[in-house]
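Here are a few friendly notes to read alongside the model. Take them one at a time, and keep the 3D view open as you go.

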Amino acid sequence: LHHHQSSQPSQVMKRRLVVLLFVLAGCLTGVTTAMAAGAADAKARMRERVSEIDRLKIAGNVGENNRGFLEVRKPADNAAAVVAAENKDRTELFNDTASRTGSTSDAVGRSFAKQIASASAPGVWIQGQDGEWRQKR
């Protein structure tokens, strides 16, 4: 009888653990789905912002840093607000990509920075891997 009583709590614990794992799995699935939806929303907002960002880049008001984010180089009326909104969406995208690929948000951002630097128009301010700012030729 004593043996039976000691195994009963472990069965209850196992059952609770299984239930807990299913609940966590459901939560994580929800989080992943929410992250994917958030990333899609972020991409849509970024697309809407492209022409304004391009205008600010060509004017020299903002530049692309080496971590995948915009930085204000020369203040303009709306530069800080546009940069803040864009960087928030980029952060969401970098986090989503990192979670899907097993990478880090920083690594994703640095990779994005290299792609943006190579695709940028001449005259756009780009921060090199050495931290120095240069206008793209």
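**Notes on the pocket and the chain**

1. Let's begin with the largest pocket, keeping in mind that this is a predicted model. Three helices each supply at least two residues of its lining: helix 1 (2-58), helix 2 (79-101) and helix 3 (105-119). Helix 1 gives the most, with 6 residues.

2. Which residues should you click on to find the centre of the largest pocket? Its lining has 15 residues, and those nearest the centre are Ile 53, Asp 54, Lys 57, Glu 64 and Ile 116. The volume of this pocket is about 240 Å³.

3. What kinds of residues make up the lining of the largest pocket? It divides into 9 nonpolar residues, 5 charged ones and 1 polar one.

4. Now step back to the whole chain. It has 3 helices and 4 strands. Trace them from the N terminus and you will meet the elements in the order α-β-β-α-α-β-β.

5. Next, try colouring the chain by burial. Of its 137 residues, 28% are buried, with under 20% relative accessible area as the cut-off. The accessible surface of the chain comes to about 8,900 Å², and carbon and sulfur atoms account for 60% of that surface.

6. Finally, have a look at contacts along the sequence. Take the contacts in the chain with a separation of 6 or more: 45% of them join residues 24 or more positions apart.

Note on methods
Residues numbered from 1 in each chain as written. Predicted model: local features only at pLDDT ≥ 70, side-chain atom pairs only at ≥ 80, totals over all residues. Heavy atoms only, no water. Buried < 20%, exposed > 50% of the residue type's maximum accessible area, 1.4 Å probe, protein only. Contact = heavy atoms within 4.5 Å. Areas by Shrake-Rupley, 256 points an atom, 1.4 Å probe, with all protein chains shown as cover. 1 Å grid on protein atoms, 1.4 Å probe; cavity = no way out; pocket = protein on both sides within 12 Å on 5 of 7 lines; lining within 4 Å. Points joined across faces, edges and corners; volume = space filled by probe spheres on them. Nonpolar A, V, L, I, M, F, W, Y, C, P; charged D, E, K, R; others polar.
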